[in-house]
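Biologist: I am new to this structure and should like to be guided through it. May we look at it together?

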Amino acid sequence: ALTAGIVGLPNVGKSTLFNAITKAGVEAANYPFATIDPNVGMVEVPDERLDELTKLVQPKKTVPTTFEFTDIAGIVKGASQGEGLGNKFLSHIRQVDAICHVVRCFDDENITHVEGRIDPLGDIETINLELVLADLESIDKRYTRVSKIARTKDKEAVAELTILDKIKPVLEAGRSARTIEFTDEEQDYVKSLFLLTTKPILYVANVAEDEVSDTENNAYVKQVREFASTENSQVIVVSARAEEEIAELDDEDKAEFLEALGIEESGLDQLIKAAYDLLGFATYFTAGVQEVRAWTFKKGMKAPQCAGVIHTDFERGFIRAETVSYEDLKQYGSMAAAKEAGRVRLEGKEYVVQDGDVMLFRFNV
Ligand code: GDP
């Protein structure tokens with residue numbers, strides 16, 4: 001499964017946030033095939049459409065789709081030189097598909113900051129620099145090899161070198177490779193480099209509980225937002241401490257708590273949605289009387305592949321999919337009414353599934 005890794009300097013609130021994730025998380029017993037790894041927290045993806053479909057169809061049960069976060073502890077300054085758990089840390093980051101970078105945006109004299117001051121930008125730079133240095137090391141190695149071959153006028157090597165020449169100076173200037181714009185062709189090659197600083201990243205500004213409703217005036221958050229915009233990254237504001245408490249509440253108490261905090265949606269829910277989106281995930285639904293269920297697919301996947309998310313047999317024997325958009329189903333109130341209105345389509349093997357599609361797969365066994 002694709003996973004988003006939680007990183008950050010010590011004492012910024014990573015463990016607190018990860019605790020919230022595990023507490024809010026799904027019970028392993030409901031997912032017998034899930035791997036039990038203490039560093040992985042599996043959460044349900046909040047989706048109002050699923051609630052709405054449940055109301056429409058009144059199924060025996062409703063199953064949300066899930067999303068995984070991995071806790072990656074241990075970054076300190078000098079990680080790329082093997083300080084602390086440095087190398088281990090970097091290899092863990094290499095394995096995640098997206099990065100959630102927790103940044104301390106709360107003042108608290110009782111909680112020591114590793115560098116002795118609250119400085120979100122400095123913190124971001126510290127971590128990003130370690131990742132940049134690790135990337136620079138791999139690019140340098142590649143550069144030496146490729147430039148030798150390029151001297152023989154080998155076309156492929158010359159093309160590679162052009163791309164490396166684009167990346168190297170940016171890393172040398174201490175900036176992440178995600179700030180570079182690549183063409184589609186370049187992108188394919190860049191993927192093969194497995195860089196850390198091209199991974200999609202989400203900055204999680206951890207603020208004090210009483211500041212979560214008014215982040216416009218939080219100078220720390222402002223700094224994080226400004227930085228994130230320079231690399232087209234997103235920022236989610238959370239109070240990890242509040243999230244830890246919220247995670248233990250039932251829906252009713254949760255709503256009350258959120259109201260008291262002055263926010264509409266919990267930071268964790270926002271984080272889950274943003275991370276899901278960042279990875280290029282989308283959701284389709286199946287809506288039968290037995291079960292209404294949300295399924296995760298990657299944007300761009302075709303109908304048979306999406307059927308394969310449910311079961312490999314569905315993909316192998318795929319014939320077609322009765323498909324209606326969530327909006328249409330909601331408007332017409334039932335599958336039969338949507339059909340009558342001509343809103344239910346029969347889609348074949350080449351159909352690119354859209355976020356919000358409600359699907360019924362026909363297949364040979
Ligand atoms: P980690 O080292 O990044 O995993 O940080 P922790 O999650 O262990 O948090 C370090 C300390 O900061 C703990 O004592 C937390 O209770 C505290 N902490 C986390 N978030 C907040 C917050 O929003 N406000 C305050 N005042 N303390 C927090």
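Biologist: Which residue just after helix 2 takes a positive phi?

Modeller: Please bear in mind that this is a predicted model. The place to examine is the position that follows helix 2, where phi is about 50 degrees. The residue with this positive phi is Gln-58.

Biologist: Which residues of helix 2 are buried, and where do they lie around the axis?

Modeller: Helix 2 spans residues 48-57, and its buried residues are Leu-50, Leu-53 and Val-57. Their cover includes strand 3, strand 8 and strand 9. Because these buried residues span an arc of only 60 degrees around the axis, they lie on the same side of helix 2.

Biologist: Which exposed residues does the face of helix 2 turned away from its buried side carry?

Modeller: The buried side is the one with Leu-50, Leu-53 and Val-57. The face turned away from that side carries two exposed residues, Glu-48 and Lys-55.

Biologist: In what order do the strands of the open sheet run?

Modeller: Six strands form this sheet, with mixed pairing. Strand 2 and strand 7 are the edge strands, each pairing on one side only. From one strand to the next, the twist averages 25 degrees. The order is 2-4-1-5-6-7.

Biologist: Which element gives the largest share of the shell around the ligand?

Modeller: The ligand has 16 residues around it, and Gly-13, Lys-14, Ser-15, Thr-16 and Asp-108 come nearest. Two elements, helix 1 and helix 8, give two or more residues to the shell. The largest share, three residues, comes from helix 1.

Technical notes:
Residues numbered from 1 in each chain as written. Predicted model: local features only at pLDDT ≥ 70, side-chain atom pairs only at ≥ 80, totals over all residues. Buried ≥ 20, exposed ≤ 12 C-beta atoms within 10 Å, placed from the backbone. Helix = DSSP H or I, 4+ residues; strand = E, 2+ residues; numbered from the N terminus. Arc of directions from axis to C-beta. Contact = placed C-beta atoms within 7 Å. Near = placed C-beta within 6 Å. Pairing = 2+ DSSP bridges. Axes fitted to C-alpha atoms, helices over the stretch in contact; angles between N-to-C directions.
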